[in-house]
Amino acid sequence: MNEELAKIFYEIAIYFEMDDVPFKPQAYEKAAVVLETLSEDVEKIYKKEGIKGLEKLPGIGKNIAEKIIEYLKTRKIKEYEKLKKKIPVKLGELMPVEGLGPKKIKILYKKLKIKNLKDLERAALAHKIVPLFGFGEKTEKNILEGIKFLKRNKGRFLLGDILPSVRVIYEKLKNLKEVKKISLAGSLRRMKETIGDVDFLVVSDKPKIVMDFFVSLAGVVKVWGKGATKASVRMKAGYDMDIRVVPEKSYGSALQYFTGSKEHNIATRKIAIDKGFKLNEYGIKKEEDVYKALGLPYIEPELRENTGELNNKLPKLIGYDDILGDLHVHCDWDGGSNSIEEIAEAAGKMGYQYVGIADHTKFLRIEHGLDEKQLLQRNKEIDRINLKFKIKNLKFRVLAGCEANILGDGTIDIEDKVLAQMDFVIAGVHSQMKMSRGEMTERIIKAMRNPNVDIIAHPTGRIINRRDEYLVDVNQVLRAAKETGTILEINASPYRLDLKDTYIKKAKEAGVKMVINTDAHNLEQLSLMEYGISQARRGWAEKCDIINAWPLEKFLSFLKI
DNA sequence: GCCGTTTTCGGCCCGACTGTTTTCAGTCG
């Protein structure tokens with residue numbers, strides 16, 4: 001519901017912008033952002049607290065609250081319908097085309113009746129756009145290229161798909177002798193789960209050399225926006241990269257500015273105005289000093305979303321080196337690539353103190369799930385390995401676990417007496433994902449009430465850009481987790497990142513403990529931990545919230561039995 | 001349309017670049 005409304009408010013904002021209505025566009029856009037990032041369902045808020053509850057939300061006043069209620073009641077907003085009727089275009093298709101904004105879309109509709117991407121492409125190919133006032137040859141060409149780009153890349157890129165290759169490019173730039181300083185900026189520096197493009201910020205006295213090097217990097221297929229200090233390129237892999245070169249004395253302010261988010265920047269600039277000065281990307285050398293000037297402590301990039309970081313006490317975020325063990329690793333017993341010993345060795349090299357083997361269990365035949373007998377056999381092997389470590393006087397420990405299945409009725413597919421022999425038990429939903437909200441919630445809570453179940457794997461089941469969360473009442477799950485002492489997993493796979501950041505924040509607030517797990521099926525995937533940590537940081541998590549940042553004894557004593 | 005440790009009225013983030021114009025509106029981040 002929140003997302004539906006957010007989409008409508010975005011579009012209302014665009015319609016107002018077409019008509020040059022002042023200030024309303026920003027107001028509606030703000031409301032849309034608030035709804036999008038709200039973890040509570042607006043319908044619930046309305047049922048519980050009425051219109052007053054809605055008006056308490058930032059950016060939502062009487063008028064927009066009434067529109068929300070109108071939508072809840074009738075599934076329609078009259079004013080939106082009116083605006084749509086006036087200019088009935090598919091904004092969701094046309095707005096993503098680079099170079100097209102509200103004004104141009106309005107002209108295209110008025111003059112050429114262009115309503116969607118198909119109309120637009122047809123008109124551009126027939127050269128009908130060139131003669132329009134305010135348009136020209138280049139605009140038409142850019143529109144065609146924009147359409148081509150959209151067709152190839154639907155939506156944003158997954159952080160995990162982009163970051164490894166970006167790091168290679170980062171090193172190349174860093175090694176250039178004209179580059180004095182370099183940093184990633186934008187959504188990549190904030191470690192968002194999906195990113196729009198890649199931003200580099202560079203300090204150099206010779207911007208031209210840096211820029212020439214940048215636009216001639218291997219993989220660049222298109223260059224535009226090349227001015228004295230900035231340029232953009234499109235990579236063969238489909239994503240865009242921007243670079244900005246600034247003098248040393250502006251590095252801090254530029255880094256703060258280019259890291260964003262947009263909402264965070266708008267808010268920081270308002271704070272600056274209140275304090276009687278103006279904030280732009282120039283003139284401050286160190287990023288901390290920007291925040292100091294605003295009267296704020298340094299804010300970690302992962303927190304910069306204007307979701308409370310500017311007016312609340314900041315958490316001491318869990319660090320990228322704080323994890324002491326990975327508790328969700330599949331070994332070759334369930335079809336994973338590596339033996340338990342190989343995994344233990346790799347985990348030890350990563351500086352971990354323990355690693356938890358969590359193979360699939362029997363219900364998941366397709367993943368070679370282990371039955372009770374095989375689990376116990378495997379545990380014997382783990383015992384042997386631990387004994388070997390002990391003899392060698394190594395502190396490292398392998399923990400025997402499993403990733404058992406929560407069946408449709410909330411029971412676990414492995415007998416309790418075997419579960420009780422595990423060091424820890426992860427349970428997850430891997431089947432019947434289309435249940436009703438009530439049923440799914442009850443099912444998961446029933447599993448949490450099993451005294452052998454310590455951790456719930458990927459608690460909402462989403463696959464980013466591919467599969468929605470299962471219908472589950474997260475608030476109820478959090479309450480039950482707190483009550484039963486069940487730990488919720490933050491699955492670090494860049495395709496899942498489940499829990500997502502807003503739920504992590506809620507879990508922390510509810511006093512629920514979490515564990516960051518890679519769900520690795522091979523040694524390379526052990527390094528995915530970084531994505532889980534960044535997600536936890538985006539959810540304001542501290543070391544005390546994440547049990548695998550705790551030493552072994554403390555963590556073991558927190559488990560149920 | 002929202003918001004308020006100066007305000008219930010009068011403010012609302014900032015700059016670069018493009019493509020079209022011939023001084024600037026639109027778009028982007």
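**Notes on a predicted protein–DNA model**

1. Let's start with a pocket: the second largest one holds about 290 Å³ of space. Its lining counts 15 residues, and Lys 138, Asn 142, Ile 143, Glu 145 and Lys 222 sit closest to the centre. A pocket here is an open set of points on a 1 Å grid over the protein atoms alone, with protein on both sides within 12 Å along at least five of seven lines, and lining residues have an atom within 4 Å of a point. Grid points are joined across faces, edges and corners, and the volume is the space filled by probe spheres set on the points.

2. Some housekeeping before going on. This is a predicted model, where local features need pLDDT of at least 70 and side-chain atom pairs count only at pLDDT 80 or more, while totals for chains, interfaces and linings use all residues. Residues are numbered from 1 along each chain as its sequence is written, chains are lettered from A and ligands numbered from 1 in the order in which they are written, and side-chain values use heavy atoms, with hydrogens and water left out.

3. Which helix gives the most to the lining of that second largest pocket? It is α9, with 8 residues. Both α9 and β5 (220-224) supply at least two residues each; helices (H or I, at least four residues) and strands (E, at least two) are DSSP runs, numbered from the N terminus. By class the lining splits into 4 nonpolar, 4 polar and 7 charged residues. For these classes, Ala, Val, Leu, Ile, Met, Phe, Trp, Tyr, Cys and Pro count as nonpolar, Asp, Glu, Lys and Arg as charged, and the others, Gly among them, as polar.

4. Now the DNA. There are 45 residues around DNA strand B, and Gly 59, Gly 136, Tyr 257, Arg 269 and Lys 270 come nearest; to be near, a residue needs a heavy atom within 4 Å of the strand. Of the strand's atoms that come within 4 Å of the protein, 77% belong to sugar and phosphate. Helix α9 turns up again here: α2 (24-37), α4 (62-74), α7, α9 (137-152) and α14 (262-274) each supply at least two residues of this surface. It has 17 nonpolar, 12 polar and 16 charged residues.

5. A few polar contacts with strand B (pairs of N or O atoms within 3.5 Å) are worth a look. Gly 61 has a backbone N or O atom 2.7 Å from a phosphate oxygen of the strand, and for Gly 136 a backbone N or O atom is 2.6 Å from a phosphate oxygen. Arg 269 uses its side chain instead, with a polar atom 2.3 Å from a sugar or linking oxygen.

6. How many salt bridges does a search of the whole structure find? The count is 43, taking a salt bridge as a side-chain nitrogen of Lys or Arg within 4 Å of a carboxyl oxygen of Asp or Glu. One of them joins Arg 234 and Glu 98, at 2.6 Å from N to O. Arg 234 is in strand β6 (residues 230-235) and Glu 98 in the loop between α6 (91-94) and α7 (102-112), 136 residues apart. Arg 234 is buried at 4% relative accessible area, whereas Glu 98 is partly exposed at 33% (buried is under 20%, exposed over 50%, partly exposed in between, with a 1.4 Å probe and protein chains only).

7. Glu 305 and Arg 190 form another salt bridge, with their closest N and O atoms 2.9 Å apart. This pair spans 115 residues, from the loop between α15 (287-293) and β8 (325-329) to the loop between α11 (186-189) and β3 (194-195). Glu 305 is buried at 17%, and Arg 190 is buried at 8%. Both belong to a salt-bridge network with Asp 501 and Arg 538.

8. Finally, the structure holds 1 cavity of 30 Å³ or more; a cavity is a set of points where a 1.4 Å probe fits but cannot get out. About 60 Å³ of space lies in the largest cavity. Its lining has 8 nonpolar residues, 1 polar and no charged ones, and helix α20 (residues 474-484) gives the most, with 3 residues. Among the lining residues are Ile 444, Pro 459, Thr 460 and Leu 499.

Terms used. A polar contact is a pair of N or O atoms within 3.5 Å; within protein, one must be able to donate a hydrogen and the other to accept it, and residues adjacent in sequence count only if both atoms are side-chain atoms.
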